[in-house]
Amino acid sequence: MPRTLTFHVFRHNPRDPGSEPGVREYQVEEASGMTLFIALTRIREEHDPGLSFDFVCRAGVCGSCAMLINGRPGLACRTLTSELPGTISLFPLPGFELIADLSVNTGKWMRAMSERLQAWVHLSCEVNLNEIEAAMDPDLAEAVYELDRCIECGCCVAACGTALMRPDFVGAVGMNKLARFRLDPRDDRSDAEYYQLIGDDSGIFGCMSLLGCQDVCPKELSLQTQIAYLRRAMARQGL
Amino acid sequence: MKIIHSDVLVIGGGLAGQRVALAAKRRGLEPSILSLVPAKRSHSVAAQGGMQASLANCFKGEGDNEDVHFEDTVRGSDWGCDQRVARMFAHVAPKAIRELAAWGVAWNRVRAGDHEVVINGQRVTLTEREAAQGLITARDFGGTRKWRTCYTSDGTGHAMLYTLSDRVIAEAIPVHERQEALALIHDGQRCHGAVVRDLITGELSAHLARATVIATGGYGRIYGISTNALINEGMGAALALETGVARLGNMEAVQFHPTAIVPTGILVTEGCRGDGGVLRDVDGHRFMPDYEPEKKDLASRDVVSRRMAEHMRAGKGVSSPYGEHLWLDITQLGAAHIERNLREVKDICRYFLGIDPAKDFIPVRPTQHYSMGGVRTDFRGESPWLSGLFSCGEAACWDLHGFNRLGGNSVAETVVAGMLVGEYVADFCQSPHGELEVSTALARDFVQREQRGLEALITHPGRENAVALRRRMEQIMTDKVGLFRNGPDLESAVAELADLLARSREIAVSGGLDANPELVLAYRLPRMLKVALTVAMGALNRTESRGAHFREDHPARNDRDWLNRTLACWREGDALPTLEYEELDVMSMELPPGFRGYGAKNIIDHPEAAPRQAEVDEMHAAKQDRYAAQSYLMSFKQFLPLKYRGRNERLDEPLP
């Protein structure tokens, strides 16, 4: 006997002066293998064609669909309803500009963070593309990829106490990026230069080590370890 | 009316679009990028297994070079591709991967010494050269004679897209996120930009540019089940089609990937089989060697997909509530290998299937995956019918893949095409033709036409349900324009899609003009139906089987009558697209049409195939060095931008 799921979904369009923030209730019959992507699509198709949410890959790799699922940040596309109770509340990710309903502007936040932290490999010179590439230690390449797996979904920001108090906090996503570039031999920046980017309370010294970021990271990145190493290196710069 | 100017308007923020923008920027132009979603969420991010480039670093890649990559690509295309483009591509792919390596992609590297791999079900020890230590390594993929597919675990597209996006940010190229092009602004001869809708506010603006580049990816979402992201709805193809003058090429060439999971259609990479995984049936029997004794599980994608369907038809499928499927078995690779090299596959299995691929078989079946067809361009990426309109990547048909694409050639194509087309776009902008001469009246006409269309949608008392029409379209495409095709089904598909297109003008929309998903579906659906009609009509007309296009009523590859490229155009006011054909010139082919080596040979020969083969054989018998022989048979370097003409260095091929 399939369950009937009750969804409490946040609805609000901030650009419509007549819109009041509120919660709407929908009933959906559960199907086997149902994800929140399937359930929300069904709600839109059968009950509420105007409901806004963001899914792109629906496979857990693009980072579009992060939302609060029963209060906890997570990727909706890969969350199976069978792992949730019969009543499910869905709210937009906090810490980001609301577009409408469950849709938030993570892209704008991430681009601003990347610009501020200069989150790209700083090359000393361009290479000759005809020549054999520079060798790289295989273990180091894998270690860089490990940190490169962040999908900029915003879960770590939504779960961060500092980010909720300080809108200018770069979040675990930002610090993990600098940890990634710092590890990468192709980036020729020094710790003194990294210190200029994150050596304050909106950066590495703002982290209160609450561990929320690591708890919710869908890619299970070692965020706390990265932040700890980075903090130690930056503290050395500050001395 | 809001007007935004740039030199190059790039529609689409995936790998191809971002690389074009970088090329233009580095030539001193001001590009801007439109993207439906934040650029890093583009579908390029989902590419898993790798990128083909003939680096020849790893042991199983030794002896690889552009010639081998070129031949694999042409055979893979079932001789449908443009061989000149395939040559340009194979030549530039090593440069593209080396550029990405310098910019930050953490390609997996060769470890010198012994390592164990699984080949054809057996554990084998390979020994890597000391000289290759730390160079980019590669894995095996279908339809390739060497291990050529370079990778970062199974998150290759992610690593590439993040690195390119970071460069775009570094070089201060604006990306207009959540913006959608609704129509190209043109005068029938020259493209001047696009009418653009802000998906948050609903506001329309005119983006005017010297050159406009469509890099919007494929059209997989016209099918009900697809591995594609939800945004791959063919809107780039529709933009070109709706000009009434630009043509689409080979739209019927649609690839079905052998291993998408059931029921969601999420892809698990070909790298699973490349690394030693095998397909099994309901009895646990490994069946591919029965059909294809030579290439087995690593035959070309079109072949494996058809063999799987054939095997299920023979009663060997596994039944499930979601229909029949087969098994992909990677258990022999071991947990450590999966954890290191197939981690996305592991995640997908865990989250969507609740299984551990190190212990359990993965339920898979062939599923729509790739669009070989797209906006028809010349080798420079420009539409021959609409000056200033360019296209590259999966959205385009310049035509690298013909009727079947090899795994690992798509992400390679995105960056290679981005590099090349980017240079040609810059050349165009800096030539006298590249001056922007457009009246604001023309731009206003186009914006007003779109505005009136949208207003009509929300005020018109429609009686059709958009969701129901869409589901029907998806069903028709899946059932009648799928892996196996036949005349009667295709005829009924065309008739019914045409009827759906007529009905789609009566869609009911509630809600307003701003962020309104219902409105978005209402204006996209007629465009999707037009794209679907070009696919179905192309498939109906093409009475032969080639690559991924398989006609049960015409199973032979008919080079005599069909060694050509389909062109589709949609004249204003017409109910259906008009098809015409562009012949491929056998006498200028470096690799004349031949047998791919799958199944029984069933080819109606082209009269020029044998004479051309004789010429080619004579050339090879002369045993010149490979560069000289190649250049004599089909010279191509003059078509490359000067900066990309140099030879590629390899361990065994030092630069002169």
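Here are a few notes on how chains A and B meet, plus a look at one helix.

1. Keep in mind that this is a predicted model, where local features need pLDDT of at least 70 and side-chain atom pairs count only at pLDDT 80 or more, while totals for chains, interfaces and linings use all residues. Residues are numbered from 1 along each chain as its sequence is written, chains are lettered from A in the order in which they are written, and side-chain values use heavy atoms, leaving out hydrogens and water.

2. Start with the interface: 70 residues of chain A and 82 residues of chain B take part in the contact (heavy atoms within 4.5 Å). Together the two chains bury about 6,000 Å², with 50% of that on carbon and sulfur atoms; buried area is the accessible area (1.4 Å probe) lost when two parts are put together, summed over both.

3. Now the charges. The interface of chain A and chain B holds 14 salt bridges (a side-chain nitrogen of Lys or Arg within 4 Å of a carboxyl oxygen of Asp or Glu). One of them links B:Arg471 to A:Glu45, with the closest N and O atoms 2.2 Å apart.

4. Next, helix α9 of chain A, residues 223-238 (helices are DSSP runs of H or I, at least four residues, numbered from the N terminus). Its 16 residues should span 22 Å at 1.5 Å a residue, and its end C-alpha atoms are indeed 22 Å apart; the expected span is 1.5 Å times one less than the number of residues.

5. Which residues of α9(A) are buried? They are A:Leu223, A:Gln224, A:Gln226, A:Ile227, A:Leu230, A:Ala233 and A:Met234, buried being under 20% relative accessible area (1.4 Å probe, protein chains only). These buried residues pack against α3, α4, α6, α7 and α8 of chain A.

Technical notes:
Helix = DSSP H or I, 4+ residues; strand = E, 2+ residues; numbered from the N terminus. Buried < 20%, exposed > 50% of the residue type's maximum accessible area, 1.4 Å probe, protein only.
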